[in-house]
Each structure stands twice: as C-alpha cells, then as structure tokens.
Amino acid sequence: MEMWPGEAFPLGATFDGSGCNFSLYSEVAERVELCLFDDAGAETRIDLPEITAFVHHGFVPGVQPGQRYGFRVHGPWAPERGVRCNPHKLLIDPYAKAVEGGVQWAEAVFPYAFGDGPDGPTTVSDSGPFIPKSIVVNPYFDWADDRHPRTPWHETVVYETHVKGITQRHPEVPEDLRGTYLGLCSQPVIDHLTALGVTAVELMPVHQFVHDYRLEEEGLRNYWGYNSIAYLAPHNEYAVYGQRGQQVQEFKQMVKTLHRAGIEVILDVVYNHTAEGNDAGPMLSLKGADNAAYYRLSAEDPRRYVDYTGTGNSLNMRHPHVLQLIMDSLRYWVTEMRVDGFRFDLAATLARELHDVDKLSAFFDLIQQDPVVSQVKLIAEPWDVGEGGYQVGNFPALWSEWNGKYRDETRDFWRGAEHTVAEFGYRFTGSSDLYQPNGRTPSASINFVTCHDGFTLTDLVSYDDKHNEANGEGNNDGTDDNRSWNCGVEGPTADHEVNALRRRQRRNLLATLMLSQGVPMLLGGDELGRTQSGNNNAYCQDNEVSWYDWEHVDEDLLEFTRRLVAMRHRHRTFRRRRFFQGRPIMGEDIDDIGWFTPKGTPMSDVDWQTGTNLCIGVFLNGEALPGQGPRGERLVDSSFYAAFNASPEDIEFVLPDETYGTMWGVVLDTQHDDVLLAFPRRRERACRAGEPLRVLSRSVLMLRRLEGQPGG
C-alpha cells in the first residue's frame, strides 16, 4: 500500500478528498503501525513513516470516508516506569471522529493474562477482533441557514436529558428513531420541549463510551455513559445507522433541528477520566499510546494510577498534549458539530495541576484565552472525590456551576429541617454568598433540585432511603445523603393524604426552582412525574427504570410546570442580571428586596437565626431592576410578594404595609391540585395591604402588585 509522509497536524484521521492523513502522538513509541480493515475484517498494517515533535504521521492516497482503522504502538513495556506499549493491542484513535462497534470483553483486551494480574508479563494475544474500529469521516454537512441561538444566560432554562431515555418509550416517535439522535429531534419531542419552554437541552454523555466488563457480565449496561473513550466521536449506539460514521451526520441533523426550534445543545463531557480504568483495566487507546503522558500516575509507584474520580484513573492535566486533546475536542464540537456549551463532569479534577484544586490552572487559562471555547456556555460540576474536591463557588468568572448547595438546602427547607431559612434566602436570591465576592452574577448559579445523579422529583418526595438492589452492588452504591422525605410512607401508597402532600411538595420544589434567581435546570421527566422506584443511582439501568414513561404522564404536573416556566419567561423580576443590593435603587422609595415574617414585619437577626423558623415572606421589586435593555432603556417589571410555608401547620401571613403596594393579586398557589386554581386570575383573588392570608402547610403563595404595573 502506498504511504506518503503526510502532516503531523491535525491529529487523528483527516480526509481531504483524495485520501486521508493519519497522525498519532506518542513520545514513547519506537514505531506506530496504521491498521486498515476491509469489509470482511481483514487487517492491513503499514508503518507511519514520519515523526514530527513526537507525532507519528503519514498520508494514504485513495482512502475514503467509512474506512475502518486503528493503531498499534511498538515500544517498551515497563510498567515500573509507567510505560505500557504493546503492539498486540489495537488502539482506538484518541482523535477518532467516529467509532464503529463496541468492546467485546475477551482476555485479549487486557494487557496481561487474567490469572497473572496487572504486574504479570505482557500478553501476546491480539485484541484486534475485540476492539471497536475508528472510522474516517466525511466532514461535509449541509448546515443551510443554521445558527447558534445564543440565548443569554439570564433567559436560559436548562433541561437535562438522556438521548436514548427521552424517546425509547415514546409512542409518537417512529419506532426506528426511538433512542436516537434523530428521535430526540423528532417533531413530538420538539413540540414537548417548546411547549415546556426550555431553551437548552443538556445531554448526558454522547462521546463514544464503553459498557463496563462487570456490568455486561451481570446483564447490565453503562446507561449514563460516563465512561468515555473517544472525545471527538458521537456515541454510535444513538444513531439509526451507526455504521461507517453515519452517527456524525445524524448528530449534526439533531443539532440543526433543535437550533431551528430555538433550543441550544449543551454536552455533558467527561474529560476527567477514561474507560481504561486503573492498572488492572483494559488497553483501549491512551494507555497503549503513551500511558505516562495521558494519565496521572503515582509518584511512588508509577504502575498505579492517581484516582480523583472514583473510576480508576484521572487524566494528566499537567501534560500539554492532554490539554491539547481536550481543547481540540471542545473546539471540534463547537465549530464542526455546532453545539452551544459544555457541562464538565467532576470539573475539580481538571483543575488539579499538582494535588490541590487550582482555579488558576493551565486548563482554565486555556479556556479563558480560546477565541472559540470561551464564547459558549461553560458549566462546571464543581467537585470530585479527591481531598479538597468540593469547590462550589470557586470557579473563574467565565464559568457557571451546578450549585450543589442550592439542591441540598432547598430540599432541606421543604422537608422541614431546622436552621434552613437563612440558607434558603441565599439560594432563592441567586447565592450571592458564593458568587458575588469574585465578581460573578446570579447566572453563575445553575439551580437544580434533582439531576440524573440521585432521586427523580417524584422519588424525592416518596422515599426516605435509596433502593438500588437492581444495580447488583447490594444497595451499597449511590449516596445516602438524599435529603428526601417520603411524606409518611415509603414508596407507592393508596393513602390519599400522603399522595396529596407529595403532589404539593413537587409543586413547591418546582415553584422554588423556577422563581429563584440564577439559571434553573429541570431534570428531564420530572415534569411528567417520572419515577425510578427509589433507585438513586440508575447509571446501569438501560431499561424501563430509566426510560421516560410517556404512557402514564401526570398531565396536571406537566401543565403546572409549563405555566411556571412561562411565568419565569414573562417576568424579568425572576431573572435579574445582577444580585439584589438590599437597598433603594434608581430613586425608588423602597428596597429592591424585602424579607418579612408572617406577621408582615421585616425579618430581624433573631428571626433569621431561629432554628425552627420554616416560614418567610419576600418582596421582589420589579421597578428596581439593574442594568439596561439592548437600546439603553430602563428595565422594569411587575413586583411580587411570595409567602413560603414549609411548616406542618397552616400559617396566617400578613401582607406588608402600603409602602410596598396597596392591592395584590394571587398568581400562584401551590396548595391546589387543579392547575386553574394554582394559577388564578387576578380578578378572582385580589388582596389589600395588611390583609391576612392563610397559607396552607407546606405550600407557596405568590402575589403580584396590581397598581401601576408595566404590561398590565
């Protein structure tokens, strides 16, 4: 086979119309073989002829899109130095833009015999038949008039979902599209998302990932996908036609269709570890290419891996080629796949240069100065499992964060935990205690009550304890810190009072989420009443446990959620671009925010510190909004008063005096199952300043000031 010298960059396989350039970085390789596979699986090996800056490269004329390939790296086997070259193991291209097939778990996939263990001699069994093949892709796609929606952060409503789970059981999605990228952008799903009012979907991992050996042995699968192996390749199982790189075209079609509906696409990305596990794990890609460069190894024993992720390994963020791989991946997904942002799994790991988390690390420096990546939405999961890994509030100004404190303290307040009212106040108003000191805005806080990791909303109010027996780990997996409350009975019940309370608690949590300052994130399926039967770690449940149940939708809850999101979109008061100051602004006679006891008096220090206080009122001044509109106009909106009663007793709240408003109309009352009663018209329930209002136990009552309101 003819081979030309080719170019060192870009890395990976690059088709130019006449052939394909191949390149692989490895400082330890003595030589690198390019392995090409025909339709029958026959392999042709040829050495990459040139080396430039530790990049082995060559150009093969005539290679076309759809060509299957991989690499074999020849070099030393010296685990005691962290070097693990083994040419008997076929390697997935770290820069593969598409991957065909999945790992078949045979002994050959591992660099040692099962009986010898990770310190035994290297094996000579060929892993080629058992390893997925990298695919040369055609970069052309007709994007037509596609453009990024670029929804401002303060107008964003995020919907976290799973590509497969959202459509696998959807009766209106064509059967052949269920569980796929094309299913996610099918008309029934688009209609649901637009009616719900979400502006962005945050997709659980879509980088090519691996189903763990242990899970497959037990008849389970890595449903969540936090086990990446190719950072530029869309996962092939989510494609209708997952052969020859077709998944790339289908992913692009999904993005294009969602953009036309005004919906952004945010990817949950896992750059902190790979599917190759620890020293006992398989050899699939990076481990065989240059183990010591790509992974954090123990300084005392380079045979072992440093693990800040709980998965066996951590990528070596101190190495320039690791940083290059991540940045090249991010830019590719923005420029070629046209996604709108990223949520970084266990992002604290990415900030570890030596041991401690450093927000000034090279990774954040690269993001900050990159002209492409710095312009999209960046979300950190601000923790990992290592020492000092909980870093909520400590990421740079460019970033938003999953606010774990919002989740925990909102749950605590509504389940009646003591000493929570002050924390609830901070979380409801955007967590200024976490984000204001370093110059950030409320949009730094991604507020959520539930996410993929933990209970669904329905389970949060139905279970005190996790029920993960189906995961095969003796119910020892998943967190025990659920901060949930079953409302008196564990699991499903026929008790009407318990079920009524559960429905009310769901409405309370959703109302708090959508009316808080910051960016709300809704767990997909919560609006439908989805349950996982108490499983709070359904990472391996690729079945009805995790898939959305479209046959038994809670229509009242769905409509309630739609109206909440619409209320948020309608009123700037709930999506301020700056934190409250607690003082008059722009000549107003009253403060931008006011906190009140149920008696209608301002909250005192004693009131804030009283541990048993589970009731609070808040005034939100819509005529004291900071900032200006796009043409310099003053921003004004309605003013609101909300009464939160998380106590087990009905409480009489007194509206503040006429300084804050004379007449008020009820716009939200979560005590009602009937959606029309939960969102009454103003003329049906008008209230006067100083008037007492009975707020049902564990409910929210929100009123809008009637006189002089912009927009009616």
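Let's start with the largest pocket, which in this predicted model has a volume of about 1,400 Å³. Its lining counts 50 residues, and the closest to the pocket centre are Trp224, Thr309, Thr311, Asp453 and Asn537. If you have the structure open, those five residues are a good place to point the camera.

What is the lining made of, by residue class? It divides into 17 nonpolar, 18 polar and 15 charged residues. Two helices are worth picking out here: H3, residues 213-217, and H9, residues 404-414, each supply at least two residues of that lining.

Now let's move from the empty space to the packed part. The largest nonpolar core has 168 residues, and the members that touch the most other members are Phe22, Phe342 and Phe344. Which helix gives the most to this core? That is H6, spanning residues 320-335, with 9 residues. There is also a second, separate core, this one of 18 residues, with Ala200, Ile379, Leu434 and Val519 among them.

Let me stay with Phe344 for a moment. Leaving aside residues up to four places away in sequence, it touches Val269, Tyr271, Leu330, Leu350, Phe363, Leu378, Ile379, Ala380, Glu381 and Trp399. You'll recognise Ile379 in that list, and we just met Ile379 as a member of the second core.

Just along the chain from there we come to Leu346, in the loop between strand E17, residues 341-344, and helix H7, residues 347-350. Leu346 is not a glycine, yet its phi is positive, at about 45 degrees. Is this leucine buried or exposed? Leu346 counts as buried, because its relative accessibility is 12%, and the cut-off for buried is under 20%.

Arg483 makes a nice companion to that one. Arg483 also has a positive phi without being a glycine, here about 50 degrees. You'll find Arg483 in the loop between helix H12, residues 457-460, and helix H13, residues 496-515. With a relative accessibility of 25%, Arg483 counts as partly exposed.

While we're on backbone geometry, have a look at the start of the chain too. The peptide bond from Phe9 to Pro10 is cis, with omega near 0 degrees. Pro10 sits in the segment before strand E1, which covers residues 12-15.

On to the cysteines. How many disulfides does the structure hold? The number is 0. Take Cys20: the nearest cysteine sulfur belongs to Cys35, and it is 14 Å away. For a disulfide, the two sulfur atoms would have to be within 2.5 Å, so Cys20 is in none. Cys20 counts as buried, since its relative accessibility is 0%. Cys185 counts as buried as well, in its case at 9%.

I'll finish with Ser516, in the loop between H13 and strand E21, residues 519-523. Ser516 has 0% relative accessibility, and therefore counts as buried. What does this serine touch? Again setting aside residues up to four places away in sequence, its contacts are Tyr406, Arg427, Phe428, Asn447, Arg568 and Phe574. For a sense of how the chain folds back, compare Ser516 with Val158: they are 358 residues apart along the chain, and their C-alpha atoms are separated by 14 Å.

That's my tour, so over to you for questions.

How values were computed: Residues numbered from 1 in each chain as written. Predicted model: local features only at pLDDT ≥ 70, side-chain atom pairs only at ≥ 80, totals over all residues. Heavy atoms only, no water. 1 Å grid on protein atoms, 1.4 Å probe; cavity = no way out; pocket = protein on both sides within 12 Å on 5 of 7 lines; lining within 4 Å. Points joined across faces, edges and corners; volume = space filled by probe spheres on them. Helix = DSSP H or I, 4+ residues; strand = E, 2+ residues; numbered from the N terminus. Nonpolar A, V, L, I, M, F, W, Y, C, P; charged D, E, K, R; others polar. Core = buried A, V, L, I, M, F, W, Y, C linked by side-chain atoms within 4.5 Å. Buried < 20%, exposed > 50% of the residue type's maximum accessible area, 1.4 Å probe, protein only. Contact = heavy atoms within 4.5 Å.
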